[in-house]
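This report describes one protein model for a reader who is new to structural work. Please keep the sequence and the structure in view while reading.

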Amino acid sequence: MANWCGDPSARLMGRLTLDPRKHIDPMGTVILPLLMMATGVSYLFGWAKPVPFNPVNLRNVRRDPVLIAIAGPASNLLIALACGFILSSLVLVMHHYEHPVLPILLQITFTMLMINMLLMLFNVIPVPPLDGHYVLHYFLPPSGQRMLEQIGPFGILIAIFVARPWLNFALPKMADGIFWLSTFGRGL
């Protein structure tokens with residue numbers, strides 16, 4: 001999206017790729033998840049390097065950061081929808097054919113769907129450095145924008161604190177809804 005809005009930074013840095021090696025952040029992708037596994041934390045948390053963009057290169061400095069921010073959660077939503085379609089197709093196939101690979105594919109697809117829904121919901125939380133903060137920033141007056149930027153160093157901690165109870169409530173509901181749609185909803 002940044003490239004389309006006039007900023008080639010990510011492309012020029014070789015970051016406009018699906019190759020996961022280009023996006024590894026030593027602390028967020030390797031060290032923190034390993035520490036969490038070693039200490040027995042009940043959930044894992046981590047991050048990749050953010051894909052860079054330079055606002056100076058954007059055609060519309062006020063609007064384009066919002067479009068760039070929306071692109072991430074929108075891609076998560078599209079992947080989740082594709083996984084939902086695959087999931088419902090697998091359920092249909094499983095009703096007619098038995099194969100030992102089908103339940104494994106079903107579990108992988110369901111997990112991909114849930115991960116993408118989780119990433120989408122988490123990234124729209126309106127605190128820096130998450131994508132939702134760019135959207136909120138657009139609508140705030142200058143004093144509110146400054147205040148939002150001041151919480152930046154604590155943004156991830158705030159997001160985890162806010163998101164954890166909400167996601168603990170929302171994810172099981174989403175899983176139930178997805179299961180219902182993929183099995184029973186086909187008959188509607």
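## Helix H2 and a nonpolar patch

Val30 has a relative accessibility of 37%, so this residue counts as partly exposed. Val30 is placed in helix H2. The model discussed here is predicted. Along the sequence, Val30 and Ala48 are 18 residues apart, and their C-alpha atoms are 9.5 Å apart in space.

Val30 also contributes to a nonpolar surface patch of about 810 Å². The other residues that make this patch are Ile24, Met27, Ile31, Leu34, Leu35, Met37, Leu44 and Trp47. Of these, Met37 is found in helix H2, which covers residues 26-39.

## The overall chain

The secondary structure of the protein chain consists of seven helices and zero strands. Read from the N terminus on, the order of elements is therefore written α-α-α-α-α-α-α.

The protein chain has 188 residues, of which 30% count as buried. Taken along the principal axes, its C-alpha atoms fill a box of roughly 60 × 40 × 35 Å.

## Helix H3 and the salt bridges

Which helix holds Asp64? Asp64 lies in helix H3, which covers residues 64-96. Its relative accessibility is 0%, and because buried means under 20%, Asp64 counts as buried. Asp64 and Ser89 are separated by 25 residues in sequence, while their C-alpha atoms are 37 Å apart in space.

How many salt bridges does the structure hold? The structure holds two. In one of them, Arg63 is joined with Asp64, and the closest N and O atoms are 2.7 Å apart. Arg63 has a relative accessible area of 39% and is therefore partly exposed, whereas its partner Asp64 is buried. Another salt bridge is formed by Asp19 and Arg21, with 2.9 Å between the closest N and O atoms. Arg21 has a relative accessible area of 65%, so this residue is exposed.

## Helix H4

Does the length of H4 agree or disagree with the span expected from its number of residues? Helix H4 has 23 residues, and at 1.5 Å a residue these should span 33 Å. The C-alpha atoms at its ends are 33 Å apart, so the two values agree.

Several residues of H4 are buried, among them Leu102, Thr109, Leu113, Met114, Asn116 and Met117. Met120, Leu121, Phe122 and Asn123 in H4 are buried as well. Asn123 has a relative accessible area of 19%; the limit for buried is under 20%, so Asn123 is counted as buried. Asn123 and Ile70 are 53 residues apart in sequence, and their C-alpha atoms are 9.4 Å apart in space.

## The loop before helix H5

Helix H4 (101-123) and helix H5 (131-139) are connected by a loop that contains Pro129. Most peptide bonds are trans. The bond that joins Pro128 and Pro129, however, is a cis peptide bond, with omega at about 5°.

## Helix H5 and the aromatic rings

Val135 has its place in helix H5. With a relative accessibility of 26%, Val135 counts as partly exposed, because this value lies between the limits for buried and exposed. Along the chain, Val135 and Pro65 are 70 residues apart, and their C-alpha atoms are separated by 8.0 Å.

A pair of aromatic rings is described by the distance of the centres and the angle of the planes. A search of the whole structure finds two aromatic pairs. One of these is formed by Tyr138 and Phe139, whose ring centres are 5.1 Å apart and whose planes are at 85°. Planes over 60 degrees apart count as edge-to-face, so this pair is edge-to-face.

The two partners may also be described by their accessibility. Tyr138 has a relative accessibility of 27% and therefore counts as partly exposed. Phe139 has a relative accessibility of 62%, so Phe139 counts as exposed. Tyr138 has a further contact on the face of its ring: Arg62 lies over this face, at 4.4 Å from the ring centre.

Methods. Residues numbered from 1 in each chain as written. Predicted model: local features only at pLDDT ≥ 70, side-chain atom pairs only at ≥ 80, totals over all residues. Heavy atoms only, no water. Helix = DSSP H or I, 4+ residues; strand = E, 2+ residues; numbered from the N terminus. Patch = residues over 30% accessible without salt bridge, like charges linked within 9 Å, V, L, I, M, F, W, Y side chains within 5 Å. Areas by Shrake-Rupley, 256 points an atom, 1.4 Å probe, with all protein chains shown as cover. Salt bridge = Lys/Arg side-chain N within 4 Å of Asp/Glu carboxyl O. Expected span 1.5 Å × (residues − 1). Buried < 20%, exposed > 50% of the residue type's maximum accessible area, 1.4 Å probe, protein only. Phe/Tyr/Trp six-rings, centres within 6.5 Å; stacked < 30°, edge-to-face > 60°. Lys NZ or Arg CZ within 6 Å of the ring centre and 35° of its normal.
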